[in-house]
Amino acid sequence: MLKNVFLKTLRDQRVSFAWWAVGIAALCLFLVAYYPTVSKTPALTQFMEEAPEWVKAFVGESAEDYTSPAGFLNGELFFMMAPMLFIIFTVSRGSAAVAGEEGKGTLDLLLANPIPRWRVVLEKAAAMAVSSICLGAVLWSALAAGAAAFGMDIGLGNLAAACLSCLLLGLFFGALALALGSLTGRRGQAVGIAAAFAVAAFFLYSLSEVVRGLKPWSRLSPFYYYLAAEPLKRGLNGIHALVLLVSALALVALSACLFERRDILV
């Protein structure tokens, strides 16, 4: 038997994490291997520059230099695909932490041990954070290795900044799913609400570049703090990273409070 919830959670999720890591690494290597073909097609940049504004809104700043390493990775990976994958990863784990155990009928067995409820939540959250950090390390390592192998000239520091920003965005939504699961005890609701909020937040930020009336509201979207500072081109923005980190920690603390005061579903 493992001595704490944190280690047990990591052990239980080790197989799924391995498959996630393999999938992320394969995706990164495929994209980087494809880049030399894109870099030799400058017409793609012209095409993106002439595209309608609403199309550019869903590609990001990379539309102006799509054939550059940073522009290509922004458009193909970091603007939509990487955050989507990290959000799926963290929301699945955040929703399973409390609501998943409750739905399977194993939460009673867990709480029968002399472990405070708040500690269960914190250790589950810590396991989610550690697995997410490891997945972020896989993302960076695969991209760095691919860049070296296929001659992609990208700064490793800026690459780390983009991966860290993506990780923090994922942790925010994972913590949101954890809070919703702690409140409702229903994993389906936690996943659905967190996913709906993620989609709405993405569209709010993306369309704010096109719809002038949405511009003042773009800072309400977590995607603003992930994308607006362009970490792949300019490095990590400490304030934006701190906003995501503090928000995630606040949601974890809220989760512990909500779970302490709620009756277990039967």
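Angles between helix axes count as roughly parallel under 35 degrees, as roughly antiparallel over 145, as roughly perpendicular from 65 to 115, and as oblique for the rest. The model is predicted, so that local features need pLDDT of at least 70 and side-chain atom pairs count only at pLDDT 80 or more, while totals for chains, interfaces and linings use all residues. Residues are numbered from 1 along each chain as its sequence is written, and side-chain values use heavy atoms, with hydrogens and water left out.

**Exercise 1.** Determine how helices α6 and α9 are oriented to each other.

Solution. Begin with the helices, which are α6 (residues 81-104) and α9 (residues 156-184), packed at an angle of about 30° with their axes 7 Å apart. By the cut-off of under 35 degrees, α6 and α9 are therefore roughly parallel to each other.

**Exercise 2.** Describe the salt bridge between R119 and E123, and state whether each residue is buried or exposed.

Solution. A salt bridge is a side-chain nitrogen of Lys or Arg within 4 Å of a carboxyl oxygen of Asp or Glu, and the closest N and O atoms of R119 and E123 are 2.5 Å apart. Next, the two residues are four apart in helix α8 (residues 117-150), which means that about one helical turn separates R119 from E123. Finally, buried means under 20% relative accessible area, exposed over 50%, and partly exposed in between (1.4 Å probe, protein chains only); R119, at 33%, is therefore partly exposed, whereas E123, at 12%, is buried.

Technical notes. Axes are lines fitted to C-alpha atoms, for helices over the stretch in contact, and angles run from 0 to 180 degrees between N-to-C directions.
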